[in-house]
Amino acid sequence: MPMFDPKTLRYDANGLIPAIAQEAGTGEVLMMAWMNAASIEKTLASGRVTYWSRSRQEFWEKGATSGNQQVLIEMRIDCDRDCLLLQVEQSGPACHTGRRNCFYTALRQGDEVEIAKPMT
């Protein structure tokens, strides 16, 4: 296989690709965020996951301000090359709400149910 080039991925019209963060040790899905080619390069170079913040229009190194870092263990590319799976080691909560993961609301019998409380 040739060396990986982020330009070979399929990005949306805004130059972004969805990235799903999964805890490497347990398989727990932690969050989904967006990356662009430059944030992928930063992540691969540093080993710390860097996303692209659509709201702030800037790089967002996970945990740079909160301390809740994601260390990249392995990056996987889906079959269509339009989605990434990031296997990470997460320190602290992954969600900005203080929860372990961002998927803390479940639909159960037609109702929204909070299934996880903030860690902090």
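A residue counts as buried when its relative accessible area is under 20%, and as exposed when that area is over 50%, with partly exposed in between. I begin with that cut-off because Thr50, at a relative accessible area of 4%, falls under the limit of 20% and is therefore buried. Please bear in mind throughout that the structure before you is a predicted model.

Let me turn first to the overall architecture. The protein has 1 helix and 8 strands. Along the sequence these elements follow the order β-β-α-β-β-β-β-β-β. The radius of gyration is 15 Å, close to the 14 Å that the globule rule gives for 120 residues, so the protein is as compact as a globular protein of that length. Taken along the principal axes, the box filled by the C-alpha atoms is roughly 45 × 30 × 30 Å.

Next, burial and surface. Of the 120 residues in the protein, 36% are buried. The protein exposes about 7,400 Å², and carbon and sulfur atoms supply 51% of that area. As for contacts with a separation of 6 or more, 39% of them join residues 24 or more positions apart.

I now return to Thr50, which lies in strand β3. Which residues does Thr50 touch, not counting those up to four places away in sequence? They are Met35, Ser39, Lys42 and Thr43 on the N-terminal side, and Phe59, Trp60 and Glu61 further along the chain. Trp60 will come up again, as a residue of both pockets.

A second residue to consider is Asn68, found in the loop between β4 (58-61) and β5 (70-77). Is Asn68 buried or exposed? Its relative accessibility is 18%, which is under the 20% limit, so Asn68 counts as buried. Leaving aside neighbours within four places in sequence, Asn68 is in contact with Lys62 and Gly63, and also with Gln90, Ser91, Gly92 and Pro93.

For contrast, consider Asp5, in the segment before β1 (17-23). Its relative accessible area is 31%, between the two limits, and Asp5 is therefore partly exposed. The C-alpha atom of Asp5 is separated by 16 Å from that of Cys79, a residue 74 positions away along the chain.

The remaining topic is the pockets. The largest has a volume of about 280 Å³. It is lined by 16 residues, of which Trp60, Lys62, Gly63, Ser66 and His96 are the closest to its centre. Two of these names are familiar: Lys62 and Gly63 are also contacts of Asn68. By class, the lining of the largest pocket comprises 7 nonpolar, 6 polar and 3 charged residues.

The second largest pocket holds about 190 Å³ of space. Which strands each supply at least two residues of its lining? They are β2 (29-35) and β3 (50-53). Strand β2 gives the most, with 4 residues. The lining consists of Met31, Met32, Ala33 and Trp34, then Trp52, Ser53, Arg54, Ser55 and Arg56, and finally Trp60 and Cys102. In this lining, 7 residues are nonpolar, 2 are polar and 2 are charged.

To close, I would draw attention to Trp60. This residue is in contact with the buried Thr50, is among those closest to the centre of the largest pocket, and also lines the second largest pocket.

How values were computed:
Residues are numbered from 1 along each chain as its sequence is written. This is a predicted model: local features need pLDDT of at least 70, side-chain atom pairs count only at pLDDT 80 or more; totals for chains, interfaces and linings use all residues. Side-chain values use heavy atoms; hydrogens and water are left out. On a 1 Å grid over the protein atoms alone, a cavity is a set of points where a 1.4 Å probe fits but cannot get out, and a pocket is an open set with protein on both sides within 12 Å along at least five of seven lines; lining residues have an atom within 4 Å of a point. Grid points are joined across faces, edges and corners, and a volume is the space filled by probe spheres set on the points. Ala, Val, Leu, Ile, Met, Phe, Trp, Tyr, Cys and Pro count as nonpolar, Asp, Glu, Lys and Arg as charged, and the others, Gly among them, as polar. The radius of gyration is taken over C-alpha atoms; the globule rule is 2.2 Å times the number of residues to the power 0.38. Buried means under 20% relative accessible area, exposed over 50%, partly exposed in between (1.4 Å probe, protein chains only). Contact means heavy atoms within 4.5 Å. Accessible areas come from the Shrake-Rupley method with a 1.4 Å probe; for residues, only the protein chains shown count as cover.
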